[in-house]
Amino acid sequence: MNIVGLEYLVFGVEDLAGAHQYLVDYGLDVERYEPAQGGVYAALDGTGLIVRRSDAPGLPPLPPGAVSPCLRETVYGVADAGTLAAIHDHLAQERAVSVDADGTLHCIDDGGFGVAFMITRRRPYQARYLGFNVPGQPPGRAPNDAAANPNEVIKPRSLSHVVYFVPDVAKAEAFYRRLGFVVTDRFNHLGPFMRPAGTLDHHTLFMIESQNEHMVGCNHFTFHLGSASEVLQQGWRFVQKGYRSFWGPGRHIMGSNFFWYFNSPFGAVMEMDADMDLHDDQWVAREMDPGSDNSQIFLFDAIDKWAPGE
């Protein structure tokens with residue numbers, strides 16, 4: 001099934017104003033915002049977040065054991081009407097499915113999370129080409145193109161991935177396998193990284209089997225930025241605005257993406273990432289034991305700016 005990736009994540013929150021400011025500072029564009037109702041926030045390709053009041057009518061139920069604020073629904077984009085019809089036929093054989101006036105399908109997955117499918121509205125966009133000058137390779141930038149710009153406008157390019165805590169990871173994994181998702185890598189005794197058939201991204205979904213009553217709901221989510229430099233520069237700006245760093249900056253091993261995680265008003269940490277691995281069907285999934293040695297290839301802590309002689 002040609003599922004191309006994440007289209008929207010839908011959150012229910014209490015602090016709508018705080019969520020709004022957070023996403024503006026993160027770099028998303030505001031497509032719609034009503035202070036009493038919430039808003040829609042988009043990356044350059046049109047994928048994004050929908051933020052609503054936690055008690056808004058029509059929101060899917062909270063995942064098992066979770067409390068608000070929390071992720072309420074994950075919306076996947078599909079390539080065309082034929083794919084959407086095939087998903088509907090498949091899902092309707094095994095669970096209740098509702099259909100919006102615009103054709104979006106809604107159901108509850110086997111991890112207890114709301115999940116939806118719609119024909120993708122991703123759009124082409126223009127952004128600065130990010131080239132890198134590496135000895136032994138052709139120049140990535142023209143002469144006199146200075147890469148470091150303190151005033152660079154940094155925009156998330158696309159919704160990247162989401163991570164769930166689930167009570168039964170084998171059951172939850174099987175649900176997505178039936179929709180054509182494949183496992184790209186796995187942490188033993190913890191859970192799989194998965195991608196749908198319509199993308200080569202290392203993962204759009206990672207699921208972690210709950211180990212205790214605190215491991216419920218959404219663990220984290222993120223957008224792709226353009227480079228490691230953008231992650232570091234935008235993350236630095238985030239720290240200067242007073243947002244609390246949760247983990248990073250660093251670089252993962254599974255997926256190879258650069259990362260920086262921050263506490264957020266969404267009941268989950270929000271990541272900035274860049275340079276994720278791409279895999280086709282020739283890739284053989286790795287299996288690793290979970291732990292810090294296998295979680296990141298390196299990790300840093302941010303400190304205040306410094307110069308020699310200060």
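This is a tour of a predicted model, one selection at a time.

**Stop 1: the eight-strand sheet**

Start with the open sheet of eight strands, ordered 2-3-4-1-5-8-7-6. Its pairing is mixed. Now select strand 2 (29–34) and strand 6 (98–99). These two stand at the edges. Each has a single partner strand, so one side of each is left without a neighbour in the sheet.

Stay on strand 6 and add strand 7 (residues 105–108). The two run antiparallel and are joined by two bridges. Pick Ser 98, and His 106 of strand 7 stands opposite.

Next, show helix 2 (residues 81–92), which packs on this sheet. Helix 2 touches strand 1, strand 5 (70–78), strand 6, strand 7 and strand 8 (114–119). Its direction makes about 150 degrees with that of strand 8.

**Stop 2: helix 1**

Select residues 16–26 for helix 1. The helix lies across strand 1 (3–13), strand 2, strand 3 (38–42) and strand 4 (48–53). Against strand 4 it runs at about 165 degrees.

Which residues of helix 1 are buried? Colour Leu 16, Ala 19, His 20, Tyr 22, Leu 23, Asp 25 and Tyr 26. An α-helix has 3.6 residues a turn, so residues three or four places apart point the same way. Step just past the helix to Gly 27, where phi is positive, at about 120 degrees.

**Stop 3: Pro 156**

From Gly 27, jump to Pro 156, one of its contacts. Pro 156 sits in the loop between strand 8 and strand 9 (158–166). Is Pro 156 buried or exposed? It counts as buried, at 1% relative accessibility.

Leave out the neighbours within four places in sequence and list what Pro 156 contacts. You get Tyr 26, Gly 27, Leu 28, Ala 43, Leu 44, Phe 223, His 224 and Leu 225. Then put a distance label on the C-alpha atoms of Pro 156 and Ala 42: 8.5 Å. In sequence the two are 114 residues apart.

**Stop 4: cysteines**

Select the cysteine sulfurs. The disulfide count is zero. Cys 107 is in no disulfide, and the nearest cysteine sulfur, that of Cys 70, is 17 Å away. Cys 107 is buried, with a relative accessible area of 7%.

Why does Cys 218 not bond to Cys 70? The sulfur of Cys 218 is 6.9 Å from that of Cys 70, its closest, which is too far for a bond; the cut-off is 2.5 Å. Cys 218 is buried too, at 4% relative accessible area.

**Stop 5: salt bridges**

Side chains of opposite charge can pair when their charged atoms come close. The whole structure holds 17 salt bridges.

- Select Asp 102 and Arg 121, whose side chains meet in a salt bridge at 3.4 Å, N to O. Asp 102 is in the loop between strand 6 and strand 7, and Arg 121 in the loop between strand 8 and strand 9, 19 residues apart.
- Move to Arg 128 and Asp 145, whose closest N and O atoms are 3.1 Å apart. Both lie in the loop between strand 8 and strand 9, 17 residues apart. Arg 128 is partly exposed at 31% relative accessibility. Asp 145 is partly exposed, also with 31%.
- Then take Arg 186 and Glu 173, with closest N and O atoms 2.8 Å apart. Arg 186 belongs to strand 10 (residues 182–187) and Glu 173 to helix 3 (residues 169–177), so the pair ties together parts 13 residues apart in sequence. Glu 173 counts as buried, at 9% relative accessibility.
- Finish with Glu 94, Arg 95, Asp 110 and Arg 178, joined into one network by salt bridges that share partners.

**Stop 6: the ten-strand sheet**

Show the open sheet ordered 17-10-11-12-9-13-16-15-14-18. It has ten strands and mixed pairing. Its edge strands, strand 17 (286–288) and strand 18 (296–299), each pair on one side only. The twist averages 25 degrees from one strand to the next.

Zoom to strand 10 and strand 11 (residues 191–195), which run antiparallel with five bridges between them. Arg 186 returns here: its bridge partner in strand 11 is Pro 192.

Two helices end the tour. Helix 3 packs on the sheet, touching strand 9, strand 10, strand 11 and strand 12 (205–209). Its direction makes about 160 degrees with that of strand 12. Helix 4 (residues 228–240) touches strand 14 (245–252), strand 15 (258–262) and strand 16 (269–274). With strand 15, the direction of helix 4 makes about 15 degrees.

Terms used. Residues numbered from 1 in each chain as written. Predicted model: local features only at pLDDT ≥ 70, side-chain atom pairs only at ≥ 80, totals over all residues. Heavy atoms only, no water. Pairing = 2+ DSSP bridges. Helix = DSSP H or I, 4+ residues; strand = E, 2+ residues; numbered from the N terminus. Contact = heavy atoms within 4.5 Å. Axes fitted to C-alpha atoms, helices over the stretch in contact; angles between N-to-C directions. Buried < 20%, exposed > 50% of the residue type's maximum accessible area, 1.4 Å probe, protein only. Salt bridge = Lys/Arg side-chain N within 4 Å of Asp/Glu carboxyl O.
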